[in-house]
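Colleague: I am new to this structure and would love some help reading it. Could we go through a few features together, one at a time?

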There are 4 protein chains.
Amino acid sequence: MSHHTHSATLLIACPDKKGLVAAIANFLMTYNANIMHADQHQDRSENLFLMRIEWSLEGFTLPMESFAAAFAPIAQEHAMTWRVSLSTRKPRMAIFVSRYEHCLVDLLHRWRIGELECDIPLIISNHEDCRRIAEFNGIPYHVIPVSRDNKAQAEAEQFRLMEEAEVDLIVLARYMQVLSHTFVERYPNRIINIHHSFLPAFDGAKPYHRAFARGVKLIGATSHYVTEDLDEGPIIEQEVTRISHRDDVEDLVQKGRDLEKVVLSRAVRWHLDDRILSYNNKTVIFD
Amino acid sequence: MSHHTHSATLLIACPDKKGLVAAIANFLMTYNANIMHADQHQDRSENLFLMRIEWSLEGFTLPMESFAAAFAPIAQEHAMTWRVSLSTRKPRMAIFVSRYEHCLVDLLHRWRIGELECDIPLIISNHEDCRRIAEFNGIPYHVIPVSRDNKAQAEAEQFRLMEEAEVDLIVLARYMQVLSHTFVERYPNRIINIHHSFLPAFDGAKPYHRAFARGVKLIGATSHYVTEDLDEGPIIEQEVTRISHRDDVEDLVQKGRDLEKVVLSRAVRWHLDDRILSYNNKTVIFD
Amino acid sequence: MSHHTHSATLLIACPDKKGLVAAIANFLMTYNANIMHADQHQDRSENLFLMRIEWSLEGFTLPMESFAAAFAPIAQEHAMTWRVSLSTRKPRMAIFVSRYEHCLVDLLHRWRIGELECDIPLIISNHEDCRRIAEFNGIPYHVIPVSRDNKAQAEAEQFRLMEEAEVDLIVLARYMQVLSHTFVERYPNRIINIHHSFLPAFDGAKPYHRAFARGVKLIGATSHYVTEDLDEGPIIEQEVTRISHRDDVEDLVQKGRDLEKVVLSRAVRWHLDDRILSYNNKTVIFD
Amino acid sequence: MSHHTHSATLLIACPDKKGLVAAIANFLMTYNANIMHADQHQDRSENLFLMRIEWSLEGFTLPMESFAAAFAPIAQEHAMTWRVSLSTRKPRMAIFVSRYEHCLVDLLHRWRIGELECDIPLIISNHEDCRRIAEFNGIPYHVIPVSRDNKAQAEAEQFRLMEEAEVDLIVLARYMQVLSHTFVERYPNRIINIHHSFLPAFDGAKPYHRAFARGVKLIGATSHYVTEDLDEGPIIEQEVTRISHRDDVEDLVQKGRDLEKVVLSRAVRWHLDDRILSYNNKTVIFD
């Protein structure tokens, strides 16, 4: 699924009707596009058409700065919500972390070896703990302590840093603070969180302890976009692992770390690859 | 794990302290037991010792009818809850079913080819639908319609049939009626249910519809002992499978059937093999 | 993914080049097709374009008996290999079985409850064992004993029965005879076998015994199209399950049955849904 | 399964016969042992008894330096192979690595956060690439280039370093050199390798390329003890993940990395916890 030439990716959602595929394909053909991937989905109950289409920019005769204007008539005719992105423009990702470092270490390692194609201009934390890891990776590390009293102020500082850094995506890598509504509204579908349970089971605090108390035989982790309702946003990815009566809470925490790392990193990669369309508090993950 | 000679299996739960393994092993050695399997577990938070021990009856010099009397002193000294079972005595299992036949067909097939070592003296249903399947397997099929008004009476008839058939274990193979408290109390840790979700997520009605609405990426099934609290009993086994945005509710139902069959049949087999100890609303599954 | 209106499905493979999606979409639009699903894949190393496209026949203005003639110019221009199928024409499936009944029972149950949309005009076996199961399902059961000496003659009889029954697909549900090259050549990409290992590991005889001897920690099952080379045909689906040192060969056989059933039935369903394209001894499974 | 008090762990293998559990339990009881875990296994086909027993040293009245002498009579009587280890003595682990850093990074992170209880006195590599990672973790990094001509000499240098460091366990974290027989014989059951396939499938070179060419639907990774026969040693752990026709070789490599990390780290942890008994080219993993 990797791509080595420059490409553009178009994500579309609109009411379903006949002729959409042909209309889009013809538009691209007019400019000599070489389609590399096309994937679509119809949600019948919502009568929605959703599509991801990626084409090579080699030989594409429409300059991308003119794309919006050229595509507008089709988009309007079919009442499309759409966005286009270019493989030449690396997304800029901020990572938020508290004390648990495993997700941060995992993300940074994947970034370093090229699994995550993005820039990481900053890491924000409410604790000093992970500074050495940030420095090892050459990424500025900003400690902004958060308490009940200074939350608005702390977030203002976070906004300032992120704007300066032109951040597109925020990843909460076990960041143990609840974001304000102001924060969440500012970055719709652009904040990815990892919750250490198989949602909707054990939402909220201390999921491993509650999983242990309930005696479940599998534990899970869930990555999702953050919305105003805690742990209720659109689910991007989930994974589970088997546990037994021999595992105490500490074992669950350990086994869970492996889930959290994998589930969060998949969500981040798919987001960076423009493979996620979110609607109706659900996600479509294009192949 | 299969056994071809006659054996006895002892399940024990008691407060943990030193010397329990030696005490039990010595007791069995006195009568020349050949231990085939021994597995134990300590629950530290509860300070509980739990053990399953299986030995061959070949050469065992204590007649099993005298076992209880001989073991009583040890059991009393250590405040043990215990039970012993013999591989020569096949458990007798009743299956309850409504209209969905997949779990019933699966259980009966496993029984026919020897995966489940038990007798099945009767099948009870509130519908006629599965009669042909019961007859194909040579098992009496009793239809007892259940409505709001006749529940007590219907259960009385069920009790009568089960007593006549000397039933040890009741399996609810997608039986769509809630059992009364009277029923549940009558068969503690002896009623196994299959719930078509990954509990505690989506307990109660229509789990597949709710999983679809929530946009989860995995669906599950859970087998558990039935207690007074609906879908809250000790979990025996769980399994999940991956779904995607392409799956509608009907697809979830279809994928779920495969989970339900596997998860229910495992629970039944482990129960029949005396491998489950239930305490504190959890289960220990001995290997 | 289920469909309730009549539909047509087109499977295409051809050299990859620009404009294929537009050409196909435009062709269908000319006749007012309502595209229900479209999925495509490019194999870069082979420069191949592969597509599955399904559209509703409601309002489609091209009579399907004229489809081949109308599509021929496009197919020729792009050197396409293609086939089209109609949801109104149920495929006809023959099942071959020997003594192990689990896959047969599983397939027939799925067929009975509507998971597999096909007709099953006959079951062929080299043993009497499964006759009762066939009869319970109302399917003619033909016993054709096979030995070294009579193989050609036995296959001739099998061909006669299958031609009479107009069979499209042959499923080997643990049929323990190797088919002749003549047989295999007669039904290219139309014979599905289940092998009880994770191919290419343990191809050939006694895979569970060899898995036990090697001490693997997972066992598997593989469904594949049968080709001249035993267990070497294009893999359709695989699944594994965990085992431990506690499992003896008999346990592996038991756990493996659950894999075999699931893996074989998925392959059959995908084939019946025209979701498999086979090339280069591999398969593309369209979503 | 974690332990917070000092404990001793005894691993035993011997011919199976009656009374072994009682003999061992009684021996430990004599010295007032508080048994924390006991797990046993009988291999019937080999008539072998295998046991792992862990007890608290708190209140244990036999000084551990006298253990061997005290246990000798029982060990001799039953022809036991055995070893005992103390939680107070941390095993010393050497890591070998070449250029791929993911397993190294993963192991070191787990070690840093306490998942792996051991000392890591040195890392040996045939390349400079991973030096920065070693230094970040404060571990001496020795580069010993290996070629066809200098293998014996290079290994001599490796032996010298490891002896100096009193190494107990060697982990090959994607070390791309084949060890000599001399090397392997020197550390029986003490060298753990990760192979990037589901063994015995795709042993030897380029497993991901071969998995891609064969068109498998799952890829795997295998950790095993190194023996004289390449990729043929006792398997400790295996895991698989699903792939599809959309995944090219590069995708397999990326998905495989996640398997390799998990599968190798589990093997290392189990070895460090004295939970692995190897016999007959297989492993028993005690719970």
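Modeller: Gladly! Keep in mind that this is a predicted model. Let's begin with a single residue: B:Asp203 sits in the loop of chain B between strand E9 (191-195) and helix H7 (207-214).

Colleague: How do I read its accessibility: what is the relative accessible area of B:Asp203?

Modeller: Partly exposed is the class between under 20%, which is buried, and over 50%, which is exposed. B:Asp203 has a relative accessible area of 31%, so this residue is partly exposed.

Colleague: Which residues form the negative surface patch with B:Asp203?

Modeller: Its partners in that patch are B:Glu185, B:Glu228, B:Asp229 and B:Glu232.

Colleague: Staying with that loop of chain B, which residues does a cis peptide bond join?

Modeller: Look at the omega angle. Between B:Leu199 and B:Pro200 the peptide bond is cis, with omega about 5 degrees. B:Pro200 belongs to the loop between E9 and H7 of chain B. In chain C, the bond from C:Leu199 to C:Pro200 is cis too, with omega near 10 degrees, and C:Pro200 lies in the loop between strand E9 (191-195) and helix H7 (207-214) of that chain.

Colleague: Next, phi angles. Where does A:Arg174 lie, and what about its phi?

Modeller: A:Arg174 is not a glycine, yet its phi is positive, about 60 degrees. You will find A:Arg174 in the loop between E8 and helix H6 (181-186) of chain A. Its relative accessible area is 6%, under the 20% cut-off, so A:Arg174 is buried.

Colleague: And C:Asn47, what is its phi?

Modeller: C:Asn47, another residue other than glycine, has a positive phi near 50 degrees. The loop between strand E2 (34-43) and strand E3 (48-56) of chain C holds C:Asn47. With 41% relative accessibility, C:Asn47 counts as partly exposed.

Colleague: How far apart are A:Ile170 and A:Arg52 in sequence and in space?

Modeller: Count along the chain, then go from C-alpha to C-alpha. The two are 118 residues apart in sequence and 22 Å apart in space. A:Ile170 is part of strand E8 (residues 169-172) of chain A, and A:Ile170 is buried, with a relative accessible area of 0%.

Colleague: Finally, which residues of chain A does the UniProt annotation "domain: ACT" cover?

Modeller: According to the UniProt record, an unreviewed entry, that annotation covers residues 9-89 of chain A. Over this stretch the chain is 27% helix and 40% strand, and the end C-alpha atoms are 12 Å apart.

Notes
Residues are numbered from 1 along each chain as its sequence is written. Chains are lettered from A and ligands numbered from 1 in the order in which they are written. This is a predicted model: local features need pLDDT of at least 70, side-chain atom pairs count only at pLDDT 80 or more; totals for chains, interfaces and linings use all residues. Side-chain values use heavy atoms; hydrogens and water are left out. Patches are made of residues with over 30% relative accessible area and no salt bridge: like charges are joined within 9 Å, nonpolar side chains (Val, Leu, Ile, Met, Phe, Trp, Tyr) within 5 Å. Accessible areas come from the Shrake-Rupley method with a 1.4 Å probe; for residues, only the protein chains shown count as cover. A salt bridge is a side-chain nitrogen of Lys or Arg within 4 Å of a carboxyl oxygen of Asp or Glu. Lys and Arg count as positive and Asp and Glu as negative; His and the chain ends are not counted. The place of a charge is taken as NZ of Lys, CZ of Arg, CG of Asp or CD of Glu. Helices (H or I, at least four residues) and strands (E, at least two) are DSSP runs, numbered from the N terminus. Buried means under 20% relative accessible area, exposed over 50%, partly exposed in between (1.4 Å probe, protein chains only). UniProt positions are given in the numbering used here, feature names are shortened, and annotations may be inferred rather than shown by experiment.
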